[in-house]
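Please read the following walk through the structure with the coordinates open beside it, taking each element in turn.

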Amino acid sequence: FEAAMLELGGSVLGFSSADSSSASKGESVADTARVIECYADIIAMRHPKEGAPYVASQYVNIPVINAGDGGHNHPTQTLTDLLTIRREKGRLSNFTIGFCGDLKFGRTVHSLIKALSRYEGINYILISPEELQIPEYLKKDVFKKTRDAIFDYGVNDIPKMEDVMPQLDILYMTRVQRERFFNEADYVRLKDSYILDMDKLKIAKKDLSILHPLPRVNEISVKVDNDPRACYFKQ
């Protein structure tokens, strides 16, 4: 965000950690936003609690950019994702996209699914362990009110990447995030559930686009980086 503002010709002030602000002393999100409003024209807020940027926006008269709030949404990453898809495919409609990994807590996934629901002909395939499936509220809000309607919208819950790889135009990989688990045992058990390697790509389309919001841990083999279908660093 600092780089973006500097490229736009603006200037930047701020802090990368709440520990270096009065939040460490117990200051509320609302009060922090009010103070920052005295110094800045725009607030870009990344916060571990869901809804914090929305709360901040209720107390200030300057724009608040949600730079990611907990496990909820990440709309700025979605703008990057949409731009990448448009650049790689030349369109934002009529394709099959697979979301793989942590779909329960992956805020980038939640935001992108919401955004893509505005376009026609999108077929969604959700690839995740049972414990990390997409939240029910998203299925209801985005894919209509009943489970039958979900399949009308082309959504399928598929456990294995190999089962659906030949169908995919876009594969959106995500990491299994340690910080989203309540206990270490569950994280260790699931973190390697879905790993993309060159063997799995043998049955993929030649023009598949592989996306990832980064950081990548081990869910994409480094050997995939040199494949022309890997778009995540350009993304």
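In this predicted model, strand S6, which covers residues 170-173, sends Ile-170 and Tyr-172 to one side and Leu-171 and Met-173 to the other, and all of these residues are buried. On each of its pairings S6 runs parallel to its partner: four bridges join it to strand S3, residues 95-100, and three bridges join it to strand S7, residues 209-211. Two residues that point the same way from S6 can be used to locate these pairings, since Ile-170 stands opposite Ile-97 of S3, while Tyr-172 has Leu-211 of S7 as its bridge partner.

Ahead of S3 in the chain comes helix H4, which spans residues 75-89 and includes Thr-76. Thr-76 has a relative accessible area of 18%, and because this falls under the 20% limit, the residue counts as buried. Leaving aside residues up to four places away in sequence, Thr-76 touches Phe-1, Ile-65, Asn-66 and Ala-67.

H4 also packs against helix H5, residues 107-116, with the two axes coming within 8 Å and crossing at roughly 60°, an angle that makes H4 oblique to H5. The crossing is right-handed. On the H4 side the contact is made by Pro-75, Gln-77, Thr-78, Asp-81 and Leu-82, and on the H5 side by Thr-108, Ser-111, Leu-112, Ala-115 and Leu-116. Sorted by character, the residues of this contact comprise five that are nonpolar, four that are polar and one that is charged.

The backbone deserves a separate look. Most residues other than glycine have a negative phi, and most peptide bonds are trans. Asn-94, in the loop between H4 and S3, has a positive phi, near 60°, although it is not a glycine. With a relative accessibility of 52%, Asn-94 counts as exposed, because the value is over 50%.

Another positive phi, of about 60°, belongs to Leu-214, again a residue that is not a glycine, and Leu-214 is placed in the segment after S7. Its relative accessible area of 33% makes Leu-214 partly exposed. The peptide bond that leads from Leu-214 to Pro-215 is cis, with omega near 10°, and Pro-215 likewise has its place in the segment after S7. Leu-214 therefore combines partial exposure with a positive phi and a cis bond to the residue that follows.

Notes:
Residues are numbered from 1 along each chain as its sequence is written. This is a predicted model: local features need pLDDT of at least 70, side-chain atom pairs count only at pLDDT 80 or more; totals for chains, interfaces and linings use all residues. Side-chain values use heavy atoms; hydrogens and water are left out. Buried means under 20% relative accessible area, exposed over 50%, partly exposed in between (1.4 Å probe, protein chains only). Two strands pair if DSSP finds at least two bridges between them. Contact means heavy atoms within 4.5 Å. Axes are lines fitted to C-alpha atoms, for helices over the stretch in contact, and angles run from 0 to 180 degrees between N-to-C directions. Angles under 35 degrees count as roughly parallel, over 145 as roughly antiparallel, 65 to 115 as roughly perpendicular and the rest as oblique. A crossing is left-handed if the near helix is turned anticlockwise from the far one by less than a right angle, and right-handed if clockwise. Ala, Val, Leu, Ile, Met, Phe, Trp, Tyr, Cys and Pro count as nonpolar, Asp, Glu, Lys and Arg as charged, and the others, Gly among them, as polar.
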